[in-house]
Protein chains: 2
Amino acid sequence: MSRLRVNAFSVSADGFGAGPDQGRDHPLGRGGEQLHNWFIPTRTFQRNVQGRAGGTTGVDDDFAARSFENLGAWIMGRNMFGPVRGPWPDDEWKGWWGANPPYHVPVFVLTHHERAPLEMEGGTTFHFLDTTPAEALETAREAADGQDVRIGGGPTVVRDFLAAGLVDHMHVVQVPIVLGRGVRIWDGLEALEDAYHVEAVSSPSGVTHLTFTRKVAS
Amino acid sequence: MSRLRVNAFSVSADGFGAGPDQGRDHPLGRGGEQLHNWFIPTRTFQRNVQGRAGGTTGVDDDFAARSFENLGAWIMGRNMFGPVRGPWPDDEWKGWWGANPPYHVPVFVLTHHERAPLEMEGGTTFHFLDTTPAEALETAREAADGQDVRIGGGPTVVRDFLAAGLVDHMHVVQVPIVLGRGVRIWDGLEALEDAYHVEAVSSPSGVTHLTFTRKVAS
């Protein structure tokens with residue numbers, strides 16, 4: 001069965017999934033890059049995102065590796081795709097990830113501003129959708145052809161899909177830092193845990209991997 | 001050396017240390033009692049707080065047991081002591097804990113309203129202080145006679161002592177529930193982690209024990 005998953009989504013102790021002032025110089029907001037300190041050193045990130053050998057193994061890498069398994073499509077918000085706001089001025093911005101992005105499947109970018117699909121190297125095609133979470137999921141699931149659909153982020157998109165009751169499995173990484181400002185992930189999700197089995201696995205890096213698995217299959 | 005400690009302080013995923021609407025019927029605020037689901041079943045809570053035999057052993061009980069070790073005095077906020085607000089109408093309210101409270105040492109209650117000390121059974125005496133965190137600590141440390149001083153709570157008191165840079169060791173229990181409303185603990189503590197070594201230990205109960213140990217001794 002094709003599941004809708006959130007994976008490797010990092011959140012600060014005070015519940016922020018990104019820092020404030022996201023933009024070209026701060027893709028994850030000011031201070032937000034600290035949320036990924038557990039992820040960058042892993043063998044999986046080094047190989048899948050940086051195209052390098054080496055990197056750490058262990059609990060963090062195990063979760064990182066699983067986050068890339070069995071994915072047929074991604075969904076992300078426009079602020080995760082790039083720093084451009086409002087109507088697209090041209091086709092210059094093609095994402096943060098260079099000519100060969102680390103997705104290798106269709107990626108559906110939620111935006112209120114139309115844009116033609118963008119075919120990249122390595123199998124990634126960015127499609128731009130102005131639609132509801134439920135409809136975006138339907139489109140992505142069709143493209144995923146039986147594999148899972150992953151929500152990349154940012155926090156607002158994760159929250160919207162959770163609020164709509166669409167997420168089957170979520171892996172959140174609790175990072176013991178206090179950001180103070182930014183984009184909150186938990187707002188409006190009171191008692192979310194009632195719908196999920198929750199497990200916690202801590203890592204020597206200091207982070208905790210929380211997995212939420214939906215109690216009743218969708 | 002006498003340390004100032006916070007122990008077994010439970011916080012929701014969205015950063016609340018108590019639910020909303022604290023009062024006689026909801027000592028921890030609405031929904032706040034869920035924050036203690038890891039603690040109540042432990043052998044330590046059953047013995048030290050309920051005066052009963054039995055209870056669970058394991059990671060949660062290990063942390064619970066350590067939370068009671070080497071304590072010479074406690075500090076707590078007035079809202080942890082009881083539901084009475086404003087000037088004390090009389091001496092009727094003597095805390096939530098009955099004639100023999102589970103402290104057995106001097107307890108300093110921070111309040112803007114004067115009240116004579118209250119001697120209970122079993123070695124607990126409640127003293128009422130209208131003063132700053134630093135001065136309250138000085139008073140409590142003298143009473144502790146070389147043992148540690150523990151801040152019981154609530155969230156506002158913990159936050160005030162953290163903001164004043166007075167906390168040497170903090171054990172926070174991250175509970176994977178979303179409360180949505182209540183009293184936040186992390187507000188105003190941006191980059192708190194810079195001053196501490198942080199360790200995470202998850203438990204089969206689903207909670208994670210985070211310990212913050214100050215990098216430089218005070």
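In the predicted model, helix α5 of chain A lies across strands β1, β3, β4 and β7 of that chain and runs at about 135 degrees to β7(A). The helix spans residues 155-163, and its buried residues are P155(A), V157(A), V158(A), F161(A) and L162(A). These residues are on the same side of α5(A), because they cover an arc of only 165 degrees around the axis. After the helix comes G165(A), a residue with a positive phi, near 70 degrees. In chain B, helix α5 (residues 155-163) lies across β1, β3 (71-77), β4 (106-110) and β7 (148-153), running at about 135 degrees to β7(B).

The strands crossed by α5(A) are members of an open sheet of 9 strands in chain A, arranged in the order β5-β6-β4-β3-β7-β1-β8-β11-β10. Pairing within this sheet is mixed. In general, strands of a sheet pair through backbone hydrogen bonds, and the pairing may be parallel or antiparallel. The edges of the chain A sheet are formed by β5 (118-119) and β10 (196-202), each of which pairs on one side only. Helix α4 (residues 133-144) of chain A also packs on the sheet, where it touches β1 (4-12), β3 (71-77), β4 (106-110), β6 (125-129) and β7 (148-153). The direction of α4(A) makes about 150 degrees with that of β3(A).

Both senses of pairing can be followed at strand β8 of chain A. Strands β1(A) and β8(A) run parallel and are joined by 6 bridges; within this pair, S12(A) has V175(A) of β8(A) as its bridge partner. Strand β8 (residues 169-175) pairs with β11 (residues 208-214) of chain A in the antiparallel sense, again over 6 bridges. In this second pair, V173(A) stands opposite H209(A), and the bridge partner of Q174(A) is T208(A). Strand β8(A) is largely enclosed by the rest of the structure, because 6 of its 7 residues are buried.

Helix α2 of chain A has its own set of buried residues, namely D60(A), D61(A), F63(A), A64(A) and S67(A). They cover an arc of only 160 degrees around the axis and therefore lie on the same side of α2(A). The elements that cover these buried residues include β1, α1, β8 and β11 of chain A. The loop between α1 (43-48) and α2 (59-67) of chain A contains G58(A). This glycine counts as exposed because it has 12 C-beta neighbours inside 10 Å, the cut-off for an exposed residue being 12 or fewer. Between the C-alpha atoms of G58(A) and T139(A), which are 81 residues apart along the chain, the separation is 35 Å.

Chain B likewise contains an open sheet of 9 strands with mixed pairing, in the order β5-β6-β4-β3-β7-β1-β8-β11-β10. Its edge strands are β5 (118-119) and β10 (196-202) of chain B, and each pairs on one side only. Strands β8 (residues 169-175) and β11 (residues 208-214) of chain B form an antiparallel pair over 6 bridges, in which Q174(B) has T208(B) as its bridge partner. Helix α2 (residues 59-67) of chain B lies across β1 (4-12), β8, β10 and β11 of chain B, and runs at about 140 degrees to β1(B).

The two chains meet at an interface in which 24 residues of chain A are in contact with 24 residues of chain B. On the side of chain A that touches chain B, the elements that give two or more residues are β10 and β11. The largest share, 5 residues, comes from β10(A), which is also an edge strand of the chain A sheet. By residue class, this side of chain A divides into 14 nonpolar, 6 polar and 4 charged residues.

The largest nonpolar core has 106 residues, of which I75(A) and I75(B) touch the most other members. When residues up to four places away in sequence are not counted, I75(A) touches F108(A), L110(A), A136(A), A140(A), V149(A), I151(A) and G152(A).

Conventions. Residues numbered from 1 in each chain as written. Chains lettered and ligands numbered in written order. Predicted model: local features only at pLDDT ≥ 70, side-chain atom pairs only at ≥ 80, totals over all residues. Helix = DSSP H or I, 4+ residues; strand = E, 2+ residues; numbered from the N terminus. Buried ≥ 20, exposed ≤ 12 C-beta atoms within 10 Å, placed from the backbone. Arc of directions from axis to C-beta. Pairing = 2+ DSSP bridges. Contact = placed C-beta atoms within 7 Å. Axes fitted to C-alpha atoms, helices over the stretch in contact; angles between N-to-C directions. Nonpolar A, V, L, I, M, F, W, Y, C, P; charged D, E, K, R; others polar. Core = buried A, V, L, I, M, F, W, Y, C linked by C-beta atoms within 7 Å.
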